[in-house]
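Q: Please take a close look at the aromatic rings of this chain, and at what surrounds them. I would like one connected account rather than a list.

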Amino acid sequence: MNGDKATIAITGTGYGLRVADASFNWYGHNDSSTNTGTVNIGAYSSNVGYFHAFLNALAGSYTLEGNWDFRNETTNAFVNNASNNTVRFVSVNHAYHALNQTTVFRIDPDSIINLYGRSDGHMTVGVEFQFYQALPAQAINEGTINLQSGTSLFGMTAMIERDGSSSGKRPLYESSLENRGKIVINSNESIGIDFAKYRFENQKELTIYVGLGNIEVNGEKNYGARVPQIWDEVANGKNYFKETVIDGAGGTIDVNGKENVGISLSKQITGSSTVASYNGLNVSDSTDIIGNIRNLNIKVNGEKTVGILRNSNFSNLSPETITFNNSNLSTLTFGNDAKDSILIRTDKYGVVLEKDLSVDNENAVNSSENNIILLANDVNGLGSKRTFIENKATLNVGENLKKTTGLMAVNGGYLVNSGDINIESDESNGLVILGNSSGYNEGNIKLTGDGSLGVYNLGDFVMDSGDITLTGKQSVGFYSSSAVGTASIKDSKIDLQGSGVNMFLTDGAAVNMENVELGVGSGGLLTYTYANKTTKVSSGHINITGSSEARIGSDGTAFYLRGNLEDITTFINNVFTGTGKLDLYMDSPDARLFILDSPDNPINLSSVTDTGVSSYVPGNKVNIIGTGYKPYSILKGKLTIDQNADLDDSSDPYTRLEFFSSKVTVNHGVGISGDNASQSGIAQKNYSGTTGRNEIELINNGDITLGGTKSIGIIADYGVIENNGNITMSGDEAVGLYGSNGTLIKNTGSIYTGSNGIGIYASNNLSASSALYGNKEIEIINDGTVKVGGTGNGVGIFANNAENKISTVTLGSNSKIDVSTGKSNIGVFAKNSSVTAEGEVSIGDKGIGIYLNESTAGINNLVTNITGNNAIGYHITPGSTVTGKDNVLFNYISSVPVGTYINYGNFSVNAAVDSTYIGANLENGAFYNNAAHVLTEGSRLVLGENSGVCKKVCKLNLI
């Protein structure tokens, strides 16, 4: 039959047929005659009843050619007969004749069949296979069948119409329903290949080979293929699919769209011998309830999609476990667009995976995330762990699949892992047990991505053996929340090699532990036991029977406590509730015992000792093994440095103690010293959620003396720095005080830096990326002494407002900035800033007193002392202004005559009405001016001794 571009519609109550767009030709024969014909465009009506099918292939061989549109345009088709619930484009049912032949129906490879259905439950079928009189036939699609629109559309289906006996017939096992081309589902609530319910006479099973081929599932709430739950109510109904073989070889079910399923299983399909053998397959294992399914190839894509589903309506006659292995499963993976999707899900009874799976995306750039490999979902509430998923295989998940979960149990489901789970992707989970569900692990789990989690438990969990290993950053080994569920870990190992938390127990959660090894690596924490970010009451518990051990490596931490040193004993007794104890190996001198978060009581440096801290830890609960470790770190605390600290001594209490986002005070008479490069006397950052910069107060009342290059005396990010003591930085490129991101820097003491050094430095950001706190402003107040020594290229005060935020520099009346020792030093460098200046600025050879870069300056009672050659008192870029009164703008004092001079010609002064100023005060120098100046009463343009004054370019030879 050839009907290129013809449209066929079943109309009305199913008694009408419409041919549109093009006529078609047909050719047919029966046992005694052959006929041909043409059907023209027009409307036709049935005089015998409902049009169940457009084409009925009864006997012989048929080929359908061309492109066809088949439309279900029926209205109220049920009115005549309750069975009038389906229209079919093609019905293949070998009946009556050609008993010694196998009827073959083919859709040509170049043909496209478009099906358009209704949306009220009335069904539309592309190719239907019906056994009639138990005669064999083949229905083969080599073209493309598109399920275009509507609901309840079916690409190909198979059923038994009736069983009959005829002599001389071909064997029934030659029958097949094969998709050698492609089925595309664009409609909703439709199925690519399905099995229907018609009759089950004489309890003869459906005998047919089904080739799935390529099925593309788009749209919403569709199945690529389905084994439905039918005929359970009749004798032998359990075995209806005994000789039905489903083979996925040579094709793939691509599950796209939303809430779609690759293949849904609702009934056992096993026991084939004749059909399997005839098609070159092994005889089915009748103990395997899906033994007739072979070689599935499924790619899970789209949103909330499922590869393989053991349906919630699965037959109660077959509660046995389904096992997926190398026989029934060839490939199963995720696509680039898979999101919130699952490879295998069971909603009823058990499923075991024995086939190894390796899943990843070819592209690192993809939208695939929040996916699950295996899921147990006890939606029927069977309980007693009857709905379960078990992994006996090796699951390998590549790094391109973000947020992937190995196994999950929900709604009372049960999961078991006795295989290996290896996940490389970030933010992924090994096992997840949600509320009212349970899980068991005796396998190995390894996660290498950042932000990953070994076991997430909100229900009941048991681990009797196996290892959990995490190597990424910010990961968690075991998480449990709520006192409702239970957890028991025995004869196992959890190794956190990267940063994060090994045992995260919150909101009253408890874990029973026996003979367990716990490991903590760099940046890791052994236990976290708080219910939220603010509570100071620890609520997680570890109930140890016998003994277990934990090893804390370099930069790892054992315990996190919100409180004071004195609270440690109560904390340990609350966390460790069992009769056994934890052997705690502090394996590195850089391992720390505690992090103290927000302690109320100030901590004196003199109290920081190993024995001082460990004495608070009950030995019957935690047995500390090792010495020389760091006793604790302080977070958001108060540290008083009440004894000298040597930064070069690795055993010094100050170098052993870590403090973060804390207030630090150096007492009077106490010093911090060091000579190594890149050291910091005091360094603190604020934190996200801070109430303000006053949470970070760094006060020096003592002496900070650092001799290494690129060292910093005090540094703060959004805090307050106050130097009332002495800071001496003798190494090259050192900085006395460094503040960023809204830090207030105040100096009333003395600061000394060497060559290429900076006394006070302020910037908008501490690093290239902006912090989650602060305002990027700059505020410097100097009412003390800043001296830059060495050979030169240093700056007394540097305000680097690169982002043009609010930036102020205030030089008080006691301010003395002396950069006169070396060459090319700058007293004050201000970028996009407002400068208020009093006091003195002293510069030497090639120096600059105040360098204003797009800044403003109010100068009052400021004396600029120039003691070297080729110096500039004020360097002002375009966009800068200077105002002020009662200033000596230039002091040029030399012990011997020199051949240099002050160029005053381009310098203008806005003097206040009641002010006086001296332009230059010279000794053994020269003054050049070629401009007019207005002098207020009492002011002097130039005062000099043994000096020269020039109106033109000075050519002086002073003696």
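A: A charge is taken to sit over a ring if NZ of Lys or CZ of Arg is within 6 Å of the ring centre and within 35 degrees of the ring normal. In this predicted model, R551 lies over the face of Y585, at 4.0 Å from the ring centre, and K197 is placed over the face of W231, at 4.8 Å from that ring's centre.

Turning from charges to rings that pair with one another, the count comes to 29 aromatic pairs. One of them is formed by Y173 and Y278, which are tilted at 50 degrees between the planes, with 5.2 Å from centre to centre. This pair joins distant parts of the chain, 105 residues apart, since Y173 belongs to the loop between β15 (153-160) and β16 (176-179), whereas Y278 is in helix α1 (residues 274-278). Y173 counts as partly exposed because its relative accessibility is 31%, and Y278 is likewise partly exposed, at 45%.

Another tilted pair is made by Y479 and F504, 5.1 Å centre to centre with 40 degrees between the planes; Y479 in strand β45 (residues 475-481) and F504 in strand β48 (residues 500-506) are 25 residues apart. Y479 is buried because its relative accessible area is 17%, under the 20% limit. Both rings belong to a cluster linked by ring pairs, which also includes F559, F571, F576 and F594.

F559 and F594 are the residues with the most contacts inside the largest nonpolar core, which has 204 residues. Beyond its close sequence neighbours, F559 touches residues including L525, F571, F576, F594 and V622.

Methods. Residues are numbered from 1 along each chain as its sequence is written. This is a predicted model: local features need pLDDT of at least 70, side-chain atom pairs count only at pLDDT 80 or more; totals for chains, interfaces and linings use all residues. Side-chain values use heavy atoms; hydrogens and water are left out. A nonpolar core is a set of buried Ala, Val, Leu, Ile, Met, Phe, Trp, Tyr and Cys residues joined through side-chain atoms within 4.5 Å. Buried means under 20% relative accessible area, exposed over 50%, partly exposed in between (1.4 Å probe, protein chains only). Contact means heavy atoms within 4.5 Å. Rings of Phe, Tyr and Trp (its six-membered ring) pair if their centres lie within 6.5 Å; planes under 30 degrees apart count as stacked, over 60 as edge-to-face and the rest as tilted. Helices (H or I, at least four residues) and strands (E, at least two) are DSSP runs, numbered from the N terminus. Lists of a residue's contacts leave out its neighbours within four places in sequence.
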